[in-house]
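Open the model in your viewer and keep a selection box at hand. Each stop below says what to pick next and what is there.

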Amino acid sequence: MMTFALAFAILILVLALGIWFAAVLDGVFSRQLSGHGTVGLLAPFHASAVYLTQQRLRTEAPDQLNWFLSIAGYLSVAATGLAVVPFGPDLAVIGLDTSVVFWGACESLIVVLVFLHGWSPNAPLSLIGAYRYVAIGLPIMLPSMFVLIAVAIPAQSLDLRDIVASQETVWNVIRQPLGLPLFLLLGLSLTLRGPFDYADSDDLAGGTSAEDSGANRAGWQVARLAMLVGFSAVASAAFLGGYLGPVLPGFVWVIIKTLVVMAIVIGLSHLLVRLPVARMLGLIWKILLPISFLDLLWAGLVALA
Amino acid sequence: MGRIGGTGMTDLLFYALSALAIWSGWRVFRVDSMIRATFALMVSFTSVGGIAVLMAADYIGVATVFMMAVEMMVMGLFMVMFMMNPAGLNPMQMVHQYKFSIAAGVLGFVGLATAVLLTNFPDNPLPENRDTLRDLGIELLGGSMLIFETAGVTLLATMVGAVALSSRRGRFGDSDAGAAPPGLHPGGEPAGRKVEKGGGHGGHGGHGGHQMNMEKTKQDSSDDPHKGHGNMSETEA
């Protein structure tokens, strides 16, 4: 019970710290690249205060329940994904033998929730965002599944705790060089960012969140950042050795590595361009998927050698 | 898993998840939209997956949630795509063939309930830390792991290849050549409004499909008030 309380406290800390860090870093990048946006350690709080004091607008005949559930669900799936990440040996909020598959279930629920978020307002732009996202969000999950199976091979376990423990000598990012880059692309898709932002992009005036206003908008944006934290923590556990590291306690290493992955994802989301949907589909099915096969084959051959 | 607190906690969770599964299953037939019905079904399956996790069948439970989320998403999307109801938000009648479906439902319920009541379930408790995942893997795959994996990857590659090959030739020509509507008579030039070369409007109506006739003439758009009526043809520079 003590370890559970400790793990839960760390989870809240990581989540809060990560959301704030991501919001600040996003501001820095947009300022540098486009000249818009405010930079400041308190800027995220100001922005959310503005949203929270605004009126909540309704569309015509929306599905209120699903609209609310999609925002709440997205946030809770982000927290649930973070909960399987070990903050130390045997220090995970959800200690599950199949935590990698559990994370896969979170991934697929995210596609459902983003779709619902765009579908529920009963408005054209958000609906286009929703449909477009499903077309890209589902196939990009396939390469991520293969790279996750690949990291499970050296650990001989589907448990993220064992996967971290198996990186004692060498991290998976070195042992399986194709894995992390492919997984980062999934992160861009899960958090609706940059080259994979087919859901909430500017060309659709905000896409699935075009009709969000007031507290709902603040909630959805916080949920997106929370998802970035959850994803980055899973990536750091699967590829960067999670809590392993010298001197500092394990959970501090988890936080450091999570923040590093987050910074990379945020940088990629601001620096890479987005392809048209059809070309992105071709890229995923014809290039990224075969590369993920290679990653799996590589992992298998290394395990046999 | 199934090691959440004592027995009381597990029991409570079991009843809560069962109630949610039954309620959302009932909602599937009561809601008036494809998307709502699809995701109500997903919630039902997810609850059953949760029950499987409670029963220490981690992998089966979690995989059920995983599969069902993807499956229902695809199913919902395709159902809406093939229906006349854009987006599936407009209210629509979701049930039909009442007599047949009531009979089938009653028969199915009685049959499954009888099977559950008559089956002799094994009663041999396993040790606390038994690795059920490993047992399941050996039971399902055993010595044929390599064959299974090879067949799986081959099937996936075949599916991707089949879709890539068959989706190139579409109703309006090759998918990578841009869209152009079919001709009014076989082999004729594409129907519909002609696109001005380099013009701002015209949108994405038909690039690339009919260069021939765009090279010769350009039609003034009729919504320009300063030009007179009729088609003033002018050669393009």
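Select A:V229 first. Leaving out residues up to four places away in sequence, A:V229 touches A:V14, A:L15, A:G18, A:I19 and A:A22. Its list of contacts also takes in A:A78, A:L82, A:T258 and A:M262. Keep in mind that this is a predicted model.

Now widen the selection to residues 214-239 of chain A. This is helix α9, with 26 residues. From first C-alpha to last, α9(A) reaches 38 Å, close to the 38 Å expected at 1.5 Å a residue. Is α9(A) enclosed or not? Of its 26 residues, 23 are buried, so α9(A) is largely enclosed by the rest of the structure. Step just past the end of the helix to A:G241. There the backbone takes a positive phi of about 80°.

Next, the nonpolar core. Which residues have the most contacts inside the largest nonpolar core? They are A:V85, A:V112, A:F115, A:A226, A:V229 and B:A69. Select these six together; the core they belong to has 120 residues. Helix α9(A) gives the most to this core, with 16 residues.

Zoom out to the whole of chain A. It has eleven helices and zero strands. Read along the sequence, the pattern is α-α-α-α-α-α-α-α-α-α-α. The C-alpha trace of chain A spans about 60 × 45 × 40 Å along its principal axes. A compact globule of 305 residues would have a radius of gyration near 19 Å, and chain A agrees with 19 Å. Of the 305 residues of chain A, 53% count as buried. Look also at how contacts link distant parts of the sequence: among contacts in chain A with a separation of 6 or more, 79% are between residues 24 or more positions apart.

Bring in chain B and colour the contact between the chains. It takes 23 residues from chain A and 20 residues from chain B. On chain A, select α4 (99-119), α5 (124-155) and α11 (277-304): each supplies at least two residues of the side that touches chain B. Helix α4(A) gives the most to that side, with eleven residues. What kinds of residue does the side of chain A that touches chain B hold? It divides into 17 nonpolar, four polar and two charged.

Stay on α4(A) and pick A:S108, which is found in this helix. A:S108 has 22 C-beta neighbours inside 10 Å, so it counts as buried. Leaving aside neighbours within four places in sequence, A:S108 is in contact with A:M141 and, across in chain B, with B:F66, B:A69 and B:V70. Then add A:L190. It lies 82 residues from A:S108 in sequence, and the two are 9.5 Å apart in space, C-alpha to C-alpha.

Finish with chain B on its own. It has seven helices and two strands. From the N terminus on, its elements run α-α-α-α-α-α-β-β-α. Of the 237 residues of chain B, 16% count as buried. Among its contacts with a separation of 6 or more, residues 24 or more positions apart account for 45%.

Colour chain B by domain. Domain 1 covers 8-130, domain 2 covers 140-168 and domain 3 covers 193-236. As a last step, place a marker at the C-alpha centres of domain 1 and domain 2 of chain B: 28 Å separate them.

Note on methods: Residues are numbered from 1 along each chain as its sequence is written. Chains are lettered from A and ligands numbered from 1 in the order in which they are written. This is a predicted model: local features need pLDDT of at least 70, side-chain atom pairs count only at pLDDT 80 or more; totals for chains, interfaces and linings use all residues. Helices (H or I, at least four residues) and strands (E, at least two) are DSSP runs, numbered from the N terminus. A residue is buried if 20 or more other C-beta atoms lie within 10 Å of its own, exposed if 12 or fewer, and partly exposed in between; C-beta atoms are placed from the backbone. Two residues are in contact if their C-beta atoms, placed from the backbone, lie within 7 Å. The radius of gyration is taken over C-alpha atoms; the globule rule is 2.2 Å times the number of residues to the power 0.38. The expected span of a helix is 1.5 Å times one less than its number of residues. Domain bounds come from an automatic or database domain assignment. Ala, Val, Leu, Ile, Met, Phe, Trp, Tyr, Cys and Pro count as nonpolar, Asp, Glu, Lys and Arg as charged, and the others, Gly among them, as polar. A nonpolar core is a set of buried Ala, Val, Leu, Ile, Met, Phe, Trp, Tyr and Cys residues joined through C-beta atoms within 7 Å.
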